[in-house]
Amino acid sequence: MDEDLLTSTVDLAQKLGAEYAEARLHKIKTTGCLLRNGVPEPATIGDAYGIGIRVICSGSLAFSATNDLSRENVKVILEKAVKRAKASSSLLEHRILFSEEKTISADWRAKEKKSIENVGFEDLFGMLKNIEYQIKDGRAGVAFPNRLLASTTLLEEKMYMNSDGARIRSRVPRLGFYSYITTSYQGKTVTITIPSGYSQLGESGGWEVVDRLKIYEYVQKKAENLALVVKNDQRPPKETVDVVLGPDVSGIIAHESAGHPGEADRILGREAAQAGESYLKSDDIGLKIGSEEAYVSDDPTIPHSNGFYLYDDEGVPARKRRLIEAGVIREFLHNKSTAYEFGVSSNGASRSTSYDREPIIRMANTFVEPGDYSLEELLEDIRLGVYIKSFMEWNIDDKRFNQRYVGLEAYMIEKGEIKGMVRNPILEITTPKLWSSVDARGKEVEFVAATCGKGDPMQGAPVWTGGPDMRLRAIRVGAR
Amino acid sequence: MEIIELTDLALREALKLGATDVSAICAKNNENQIRFSNNSITVTKNIKSLELFLYVAKDRKRMIGVTSNPSAEGIKRFASDLIKACKVISPSPEYTPLPKGEFSYPLHGIYDKKLAEDGVKLIEFAKEAVDAGLEAGATRVSGSLMASEEEIAILTSGDARGKDKTTKILLNVRAFTDEGTSGHGLSCAARLTDFNPSEAGRVAGDYAKVSINPHPWEEGICDLVTMPTVTADVVQHIGSFSSAFTVDAGLSFLIDKVDQKVGVDEFTLRDYGVVEGGLGGRGFDDEGVPTRENIIIEKGVLKGYLHNSTTARKFGKSSTGNAGIIEPNPWNLVVDPGTMSVDDIIKEVKRGILVTNNWYTRFQNMRTGEYSTIPRDAAFLIENGKIKHPVVGLRISDSIPRQLASILGISKERRWIEWWEVSIPTLAPTMLIKDVTITKALR
């Protein structure tokens with residue numbers, strides 16, 4: 001990567017009158033394999049490399065990007081960015097200012113034992129063929145007539161520089177797996193995903209991720225449990241009951257109803273026209289929205305995580321953010337612009353997914369913090385309840401207040417014990433009611449990988465969602 | 001080098017390295033965007049890219065690549081990487097040779113030079129939208145405005161050779177009142193003459209204002225009026241589920257439904273590569289096959305799936321010009337107009353809900369089409385043919401097959417929709433759907 005190009009770009013931006021300038025060389029190499037009913041689809045290679053530039057002139061922000069890295073072209077797009085920023089004043093009611101942050105010079109890498117660059121298509125297809133062999137005959141009398149299995153690698157390399165003096169290089173490899181499976185039993189058909197909820201198994205790292213995630217064992221176990229979903233017609237109870245949510249469900253809830261509403265750019269209205277705003281207001285730090293047992297954090301620094309990073313795309317060190325503690329809103333996710341507005345320091349949440357996307361506030365690895373209960377202890381005093389272990393359909397309104405999660409693998413709880421399966425229980429609930437109903441959390445946190453959508457043009461950011469088993473008291477679960 | 005020369009270089013290089021099938025597509029994009037919120041500009045953007053898409057097959061082994069380094073050296077290296085990868089992957093029993101030309105491609109006028117210029121007056125347009133929203137009664141207006149140009153060229157080993165060029169301008173406006181209500185407006189066009197930022201801003205502002213003091217909605221079953229933005233969201237999913245790949249992967253409620261009734265007589269859905277007034281698209285697909293009009297559903301009967309040459313061979317059909325090498329996709333979806341005005345549709349409703357916008361559509365079971373989606377912005381109770389008052393806090397929880405069979409009315413008026421939530425350009429009417437399940441959250 002051409003460091004001189006970044007230096008000359010940032011220098012020239014300042015000469016042209018920019019109060020602030022940054023430039024980022026961003027390279028993403030991807031490979032992907034898809035096996036459909038044992039038949040290989042064309043394998044894919046992606047190779048995206050270019051430069052993204054941001055300048056602030058007269059309080060106005062402009063972003064330009066190109067994959068033509070010739071000096072002349074980069075100079076032209078920079079000059080146009082400065083010109084655009086200056087010309088924006090007729091619709092600029094609010095000057096954009098950045099918080100002052102410590103100047104960082106760093107070169108960091110996500111750990112990797114077996115280099116992602118040495119993972120070949122034979123490895124990726126080999127993994128899929130093994131899984132295909134594992135599951136193609138179905139389970140427990142349930143046929144799997146359609147199986148779509150996917151494996152991916154990604155290598156993200158960046159070099160970043162800004163006019164405050166930050167200089168950062170980074171390298172993050174990632175590996176992932178996801179699948180769609182049709183299950184069929186006595187004429188009834190249900191589509192499922194492994195992992196559930198259209199998520200993925202994924203981490204940062206090299207080929208060792210396959211062993212670390214125990215992908216074969218995971219798929220084997222999930223296939224056995226999820227096969228039974230199609231056999232089940234038991235309706236969920238109509239009365240109010242206690243509910244235990246599995247890690248997949250507590251994880252998506254942490255992401256959707258604690259992480260997203262805590263993004264400061266949404267709170268300030270910057271994403272209003274697309275991803276939406278937030279039920280939280282700027283002065284809601286300290287607001288009680290849940291029980292003493294509601295704890296949610298976001299932490300980009302978890303080793304091996306899918307959302308792993310050490311410095312964000314504004315050159316700010318990453319750290320753990322405690323979003324909700326004992327039911328109280330403790331911290332929002334910030335970039336340097338929102339940090340300035342709130343009079344705080346940035347907590348390093350600004351990320352861009354490609355050279356041609358502006359950095360915006362993103363979650364990394366968002367999770368419900370563990371408690372001190374075993375699953376047996378969570379269940380033991382439940383007379384009648386439902387254990388929603390995983391989900392498929394979900395959605396939440398654009399203020400992150402009214403949400404719904406529809407169970408996939410779910411069981412009745414009777415007198416403290418897990419009984420037979422129950423079909424598609426629906427948790428449809430407001431955010432305060434949800435977090436206020438939590439009364440206990442399990443000891444073990446589990447994560448799955450996901451792609452979080454935000455921004456315009458859209459940016460799909462790699463994240464983890466996670467949590468422990470989590471108990472909610474006195475909840476209504478509907479049925480489809 | 002011109003994009004056609006880059007595709008030529010890629011084609012020749014891949015053939016020289018032993019590929020039996022090659023499709024080389026080079027696309028040059030120029031996007032200018034303004035985003036604004038709280039009546040103020042938040043960022044201006046310019047994104048320029050030149051990318052090469054390359055499909056190669058050798059010994060029935062198939063690879064696809066996309067590179068953002070289409071220099072002469074970069075192309076040679078990329079073609080070599082793809083051919084080398086062919087050595088380690090398995091041949092596909094479903095390998096199908098690329099279709100052979102010569103092809104001729106439809107001419108169209110989906111291009112406006114003014115939208116391709118850097119000086120396009122986006123700031124003025126954004127200001128018009130903001131001012132109109134405020135004038136209509138909103139206190140905050142947010143949105144995004146994107147003008148884009150795409151120039152694209154294809155060369156294939158099947159003697160396909162084509163070039164195309166399109167522009168479009170998309171404005172998405174959301175207006176808010178101090179009472180916390182919101183309204184949504186869109187203006188989507190291929191030419192500046194069809195673009196109306198003031199109207200989009202005014203509609204958003206009007207909806208926000210008339211939504212003040214919404215009533216909570218009780219769950220249950222009622223009739224639903226979907227305005228074009230909501231109709232388009234449902235229709236884009238029908239379009240995607242009609243892809244033969246999705247069908248073959250077992251992930252569609254349209255499996256085994258060809259020539260069967262899947263909707264009411266009044267519902268006809270077409271797809272066009274390019275269509276007058278449409279938003280982009282192309283004259284050729286990724287295999288070089290000319291795009292065309294395809295009828296997906298005609299008078300409620302599923303006529304067929306969208307195909308590339310691989311799925312077509314498997315299904316015993318011809319390509320419909322919708323490749324995607326892996327997955328055929330719709331280009332521009334068009335619902336035929338109905339016979340009613342929007343006012344007539346509202347008059348038909350004894351008790352129901354009118355929804356102006358929605359987001360976050362997710363499926364519980366793709367084989368049954370069971371899904372839910374959340375209305376956002378303005379929604380209204382209709383009683384005895386009249387809009388009564390705004391409502392809030394509802395969720396549509398239904399299945400698409402049931403809805404298709406329960407359409408009671410389709411409007412004559414239609415709008416082109418493309419925005420953050422509807423990525424496939426869709427010409428959509430207002431529709432009246434009977435007996436839709438509406439749910440609400442436990443508070």
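**Reading salt bridges and burial in a predicted model**

Across all chains, the count comes to 70 salt bridges. The model discussed here is predicted.

Colleague: Happy to start there. How should I read a salt bridge in general?

Modeller: Side chains of opposite charge can pair when their charged atoms come close. Here is a case to look at: E41(A) and R62(B) meet through their side chains in a salt bridge, at 3.9 Å from N to O.

Colleague: Where do E41(A) and R62(B) lie?

Modeller: E41(A) sits in the loop between β2 (39-40) and β3 (43-57) of chain A, while R62(B) belongs to strand β3 (residues 61-67) of chain B, so this pair joins two chains.

Colleague: And is E41(A) buried or exposed?

Modeller: E41(A) is buried, at 5% relative accessibility. Its partner R62(B) is buried too, with a relative accessible area of 4%. Buried means under 20%, so each value can be read against that cut-off.

Colleague: Could you show me a pair within one helix?

Modeller: Gladly. D8(B) and R12(B) form a salt bridge through their side chains, 3.0 Å from N to O. Both residues lie in helix α1 (residues 3-16) of chain B, four residues apart, which is about one turn of the helix. D8(B) is partly exposed at 26% relative accessibility, and R12(B) is partly exposed with a relative accessible area of 47%.

Colleague: Which residues do salt bridges with shared partners join into one network?

Modeller: That network consists of R36(A), E41(A), R62(B), E94(B), D248(B) and K314(B). You will recognise E41(A) and R62(B) from the pair that joins two chains.

Colleague: What about a pair of neighbours in chain A?

Modeller: Try D137(A) and K136(A): they form a salt bridge whose closest N and O atoms are 3.7 Å apart. D137(A) is exposed, with a relative accessible area of 63%, whereas K136(A) counts as partly exposed at 34%.

Colleague: Now a single residue. What does D265(A) touch?

Modeller: First, place D265(A) in helix α7 (residues 264-267) of chain A. D265(A) is buried, with a relative accessible area of 3%. Leaving out residues up to four places away in sequence, D265(A) touches R270(A), E271(A), T338(A), I360(A), I361(A) and K454(A).

Colleague: Let's finish with the whole chain. How much of chain A is buried?

Modeller: Of its 480 residues, 66% count as buried. Chain A contains ten helices and 27 strands. Its radius of gyration is 24 Å, which agrees with the value near 23 Å for a compact globule of 480 residues.

Key: Residues numbered from 1 in each chain as written. Chains lettered and ligands numbered in written order. Predicted model: local features only at pLDDT ≥ 70, side-chain atom pairs only at ≥ 80, totals over all residues. Heavy atoms only, no water. Rg over C-alpha atoms; globule rule 2.2 N^0.38 Å. Buried < 20%, exposed > 50% of the residue type's maximum accessible area, 1.4 Å probe, protein only. Contact = heavy atoms within 4.5 Å. Salt bridge = Lys/Arg side-chain N within 4 Å of Asp/Glu carboxyl O.
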